[in-house]
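Let's take a walk through this protein together. Have the sequence and the 3D view ready, and follow along as we go from single residues to the whole chain.

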Amino acid sequence: MRIHTLSNPVSESILQVIGHTPLVELAHLPHHPENRVLAKLEGCNPGGSIKDRTALNIIHQALRSGHLKKGDTVVESSSGNMAVGLAQVCSYYGLRLIVVVDPKLNDQTAQILRVYGAQIEQVTTPTNQGGYLAARLARVHEILEQNDNVFWSNQYGNKSNPRTHHETMEEMYQATDGRIDYLFVATSTCGTLMGCADYIYTHDFPTKVIAVDAVGSVLFGGKPSKRIIPGHGSAVPSQFLKEDYLHDCIKMSDLDCVKGCWNLLRSESILGGGSSGAIVSAYQRYEANIPEGSTVALLLSDRGDRYLDTIYHPEWLQAHFPSFQIPKPFHHAST
C-alpha cells in the first residue's frame, strides 16, 4: 500500500485543514466497468461537510470587507451542516453565533453546536408556504431587527457561497488532469451546485452537471411535500439557480437516499450522509444515459455519523421504511 504524504504536513490552524479533500475511486460500487467513478469526500473536512468551505469563505470575506469584526454576532438558518461549519469558524475568530434550526436537527449536531458555544434558536411551527425553512428565515429577520452588531451570513443569497466552490472544482480538475465528463451534485441552497457549474461554464469545460434534487423539493418546480432527510432539496426557490448551466436534474426520494447510503457503505466502506446516498442512487439510476468510458465525479457533501440514529439505525428504518432490507456486506477479492 502506498502512503500519501502532504507537501506541507503542518497546518497553521484548523481552518487551514478545510478543503483539499480526497478524491477516491469507487472500485466496488456496482456500475458499468468501462466507466470510472470518483467520489469527492467532503465529509473529510474537519467539521464533517462541504459547508465548512462555505462557512470559512463567507466569514473570511465579511471580516476582510469590514462587515464583520471580532466580538460581533453571526446569525444563520441551518438544517445542520452549515451550522457546524459556522460554529467552528466563529469560535476560531472570536465571534458569537446564533443558529436558527427546526425539529429536524439531530441531537448529535445540537450537542456539537453547544460545545462550540453557539446559541440555538428553534422554530417549532412550519409556515404554510415554505415550511420550516421559511419559518427559520423569518426568525433570522426578527433577530436582525432586534439586535445590533449582528451579521447574517445568508448562505441562501451570499455570493461568497457559490464562489467557494470554484476551488472545489479546481481541486477535482487538478486531480483528474481535467477529465471529468459528468458531475453529480446535490441541491439545497444551490450554492455548491451553481458554484461548480459556474466554474465549468466560465472555463468552457465539457463536464455535464447533473443536479440531484429531492422529491418534494420546489427547486425545479412541483409542489412541496414532506421530506425527512435534512439538508437535501428545498421548500423555497433558490437565489442562485441557473438551470441553463445544468445538463439534467434527477429527483430522489428519502428511500433513495437510504438505499444509496447503504450501497455506498456496503460496497466501499464509506459512511455517507443523506444527500450522499441520493447522489449514489441518482448515478446508478442515470448511468444508462452516460456513454461508456466516461469519468464520473460524485460530490459527496457530508459523512454519515450524524445519521446513526436515523438512516443507519434499524428501528428508525423499520418505522419509516418497513419494506427496506439492510443489504449484507459485499465480499471483495483481496488486493
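Leaving aside its neighbours within four places in sequence, Thr-164 is in contact (heavy atoms within 4.5 Å) with Arg-53, Thr-54 and Asn-57. You'll find Thr-164 in helix H5, residues 160-176. Helices (H or I, at least four residues) and strands (E, at least two) are DSSP runs here, numbered from the N terminus. Is Thr-164 buried or exposed? With a relative accessible area of 9%, Thr-164 is buried; that word means under 20%, while exposed means over 50% and partly exposed lies in between (1.4 Å probe, protein chains only).

A quick word on where this comes from: the model is predicted, so local features need pLDDT of at least 70, side-chain atom pairs count only at pLDDT 80 or more, and totals for chains, interfaces and linings use all residues. Residues are numbered from 1 along each chain as its sequence is written, and side-chain values use heavy atoms, with hydrogens and water left out.

Now look at the loops on either side of H5. Most residues other than glycine have a negative phi, but here are two with a positive one:

| Residue | Phi | Loop | Relative accessibility |
|---|---|---|---|
| Asn-154 | near 50° | between strand E6 (150-152) and H5 | 15%, buried |
| Asp-177 | near 55° | between H5 and strand E7 (182-186) | 74%, exposed |

Next stop: helix H2. Its 13 residues (81-93) should span 18 Å at 1.5 Å a residue, and the end C-alpha atoms are 19 Å apart, which agrees. (The expected span is 1.5 Å times one less than the number of residues.) Quite a run of H2 is buried, including Met-82, Leu-86 and Cys-90. What covers them? The cover for the buried residues of H2 includes helix H1 (51-65), strand E3 (73-77), strand E4 (96-101) and helix H3 (107-116). Right after H2 comes Gly-94, with a positive phi near 70°.

Finally, zoom out. The protein chain has 9 helices and 10 strands, and its C-alpha trace spans about 60 × 50 × 40 Å along its principal axes. A compact globule of 335 residues would have a radius of gyration near 20 Å, and the chain's 19 Å agrees with that. This radius is taken over C-alpha atoms, and the globule rule is 2.2 Å times the number of residues to the power 0.38. Buried residues make up 52% of the 335.
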